[in-house]
Amino acid sequence: PVSIQGLICFEFKKGYVEMHLVETAPHNFGKNKKYFGVMYNLVAFVCKLSFDNDFDGVVAFTAKTTLISHYREKLGAIRIPGFNRMVIETEEAKKLVNSYYINYMS
């Protein structure tokens, strides 16, 4: 049977993709997760869409305060000072995309 592993909500803006929401299904986090990397795969997909639409891989989002350091470490996202806004820029987006889409970017 088919089951949802995660969900993402995004919107194309002028020059970047805004990621409104990214969620992993409950069975995909914690020590006994069914699949590892669901959230990273979803973010890589949005980065790929950003490249596909000539936005240089740029993705922006508002982070929950408790996850800012996690997103910085795992996604290479940069925090906009004074806000919970974060941005994944071109080079980090390339790394994410290349992790899930073999030979997509050189």
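**Helix H3, the nonpolar core and the sheet**

On one side of helix H3, Lys95 and Ser99 are exposed (over 50% relative accessible area, with a 1.4 Å probe and protein chains only; buried means under 20%). On the other side, the buried residues of H3, which spans residues 90-100, are Ala93, Leu96 and Val97. Seen down the helix axis, these buried residues fall within an arc of 95° and so line one face of H3, the arc being that of the directions from the axis to the C-beta atoms. They pack against helix H1 (38-52), helix H2 (68-75) and strand S5 (85-88), where contact is taken as heavy atoms within 4.5 Å. Helices (H or I, at least four residues) and strands (E, at least two) are DSSP runs numbered from the N terminus.

The model is a predicted one, in which local features need pLDDT of at least 70 and side-chain atom pairs count only at pLDDT 80 or more, whereas totals for chains, interfaces and linings use all residues. Residues are numbered from 1 along each chain as its sequence is written, and side-chain values use heavy atoms, with hydrogens and water left out.

The largest nonpolar core (a set of buried Ala, Val, Leu, Ile, Met, Phe, Trp, Tyr and Cys residues joined through side-chain atoms within 4.5 Å) holds 25 residues, of which Val43, Cys47, Phe61, Tyr71, Leu75 and Ile88 touch the most other members. Two or more residues are given to this core by each of strand S2 (17-24), H1, strand S3 (59-62), H2, S5 and H3, and H1 gives the most, with nine residues. Leaving aside neighbours within four places in sequence, Cys47 is in contact with Gly57, Val59, Ile88, Ala93, Leu96 and Val97.

The five strands form an open sheet in the order S1-S2-S3-S5-S4, with mixed pairing, two strands being paired if DSSP finds at least two bridges between them. Its edge strands, S1 (6-12) and S4 (78-79), each pair on one side only. H2 packs on the sheet, where it touches S3, S4 and S5, and its direction makes about 5° with that of S5; axes are lines fitted to C-alpha atoms, for helices over the stretch in contact, and angles run from 0 to 180 degrees between N-to-C directions.

S1 and S2 pair in the antiparallel sense over seven bridges, and Gly6 has Thr24 of S2 as its bridge partner. These two strands form a hairpin with four residues between them, and Gly15 in the turn has a positive phi of about 90°. S2 and S3, by contrast, run parallel and are joined by two bridges, with Ala60 in S3 as the bridge partner of Glu18.
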